[in-house]
Amino acid sequence: MLIVLNGYPGVGKLTIGRLLADRLGGRLLDLHTVYNLAFALTEFRSPDFYHATNAAEDLADDLISRLPATVPLIFTTVLTENASRSTDADMARFARRAQGRGPVRMVYLWCDLEENKRRIAAEGRTGGRKPRDPDMVQRNHDGAAALVGSDLPHLLKLDITHVSADGAAQHIASWVGR
């Protein structure tokens, strides 16, 4: 199976993804695992940045192709309608990765404004070069572009405002098991 955890920065995608991968015996590819090389060596959103992230994605695809189809794949991402990257290309990549593994299962994760601000400001986010700006959260909640993938037949929308990461991972695992 292939599960995409899609949500705005700071909602808890990586934490939930780690727990879900453990629960399902799967592999997790976090957005920042792909981006950190580019963040370290290029200017954000420059042509070199996109070249580096595409090269990392290509390497990931090669390694994914070597995994047995029975190994669940979990991805974290932020795919929105007005993204600086092509969300069509990202969705096509997920569809290719899912071949032989079943359909792409999209999970929208979100939480309310104050909880999202609290989470994004957490100290643990610094080491992973993750955004920590509560103003970004405000902009997202004030009408940033919608998350992509609402047309997929396998879509779960999960408000995790008052749900622990383990509870969210358990809910997702139950959903994909149905």
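Okay, let's start at arginine 45, which sits in the loop between helix 2 and helix 3. Before I go on, keep in mind that this is a predicted model. Back to that loop. Phi of arginine 45 comes out near 65°, so a positive value, and the residue is something other than glycine. Arginine 45 also counts as exposed, at 52% relative accessibility, with the cut-off for exposed being over 50%.

Now the two helices on either side. Helix 2 runs over residues 31-41 and helix 3 over 47-66. How do they pack? The angle is about 145°, and the axes are 8 Å apart. The crossing, with helix 2 passing helix 3, is right-handed. If you want to click on the contact residues, on the helix 2 side take Val34, Tyr35, Ala38 and Phe39. They meet Phe49, Ala52, Thr53, Ala56 and Glu57 in helix 3.

Let's stay with helix 3 and talk about the core. In soluble globular proteins, nonpolar side chains tend to be buried together. Here, the largest nonpolar core has 25 residues. The ones with the most contacts inside it are Leu2, Val4, Leu73, Phe75, Met91, Phe94 and Val104. Which elements supply at least two residues each? You've got strand 1 (2-6), helix 2, helix 3, strand 3 (73-77), helix 4 (87-98) and strand 4. Helix 3 gives the largest share, five residues. There's another core apart from that one, with 19 residues, and among them are Leu5, Val107, Leu156 and Trp175.

Leucine 2 is a nice one to look at in the viewer. Leaving out neighbours within four places in sequence, leucine 2 is in contact with Leu73, Phe75, Phe94, Arg97, Ala98, Arg101, Pro103, Val104 and Arg105. Two of those arginines, Arg97 and Arg105, are worth a proper look.

Take arginine 97 first. Arginine 97 is buried, at a relative accessible area of 7%. What does it pair with? It forms a salt bridge with aspartate 61, and the closest N and O atoms are 2.5 Å apart. Aspartate 61 is in helix 3 and arginine 97 is in helix 4, so this pair ties together parts that are 36 residues apart in sequence.

There's another pair of that kind. Arginine 93 and aspartate 58 meet through their side chains in a salt bridge, 3.3 Å from N to O. Arginine 93 is in helix 4 and aspartate 58 in helix 3, so here the parts tied together are 35 residues apart in sequence. Arginine 93 is buried, with a relative accessible area of 10%, whereas aspartate 58 is partly exposed at 45%. Put Glu57 in the picture and you have a network of salt bridges linking Glu57, Asp58, Asp61, Arg93 and Arg97. And Glu57, remember, is one of the helix 3 residues that meet helix 2.

How many salt bridges are there in the whole structure? The search finds eight. One of the others stays within helix 3: aspartate 62 and arginine 66 meet at 2.8 Å, N to O. They're four residues apart in that helix, so about one helical turn separates them. Aspartate 62 counts as partly exposed, at 34% relative accessibility, and arginine 66 is exposed at 62%.

Which brings me to arginine 105, in strand 4, residues 104-110. Is arginine 105 buried or exposed? It counts as buried because its relative accessibility is 16%, and the cut-off is under 20%. Yet arginine 105 has no salt bridge. The nearest side chain of opposite charge is aspartate 151, and that's 15 Å away. So what does arginine 105 touch, if we skip residues up to four places away in sequence? The list is Met1, Leu2, Ile3, Val4, His154, Trp175 and Val176. Leu2 and Val4 were on the list for the largest core, and Trp175 is in the other one.

One last arginine, number 132. Arginine 132 lies in the loop between helix 5 (113-120) and helix 6 (134-141). At 29% relative accessibility, it counts as partly exposed. Arginine 132 and glutamate 115 are 17 residues apart in sequence, and their C-alpha atoms are 13 Å apart in space.

That's my tour of the arginines, thanks.

Methods: Residues are numbered from 1 along each chain as its sequence is written. This is a predicted model: local features need pLDDT of at least 70, side-chain atom pairs count only at pLDDT 80 or more; totals for chains, interfaces and linings use all residues. Side-chain values use heavy atoms; hydrogens and water are left out. Buried means under 20% relative accessible area, exposed over 50%, partly exposed in between (1.4 Å probe, protein chains only). Lys and Arg count as positive and Asp and Glu as negative; His and the chain ends are not counted. A salt bridge is a side-chain nitrogen of Lys or Arg within 4 Å of a carboxyl oxygen of Asp or Glu. Contact means heavy atoms within 4.5 Å. A nonpolar core is a set of buried Ala, Val, Leu, Ile, Met, Phe, Trp, Tyr and Cys residues joined through side-chain atoms within 4.5 Å. Axes are lines fitted to C-alpha atoms, for helices over the stretch in contact, and angles run from 0 to 180 degrees between N-to-C directions. A crossing is left-handed if the near helix is turned anticlockwise from the far one by less than a right angle, and right-handed if clockwise.
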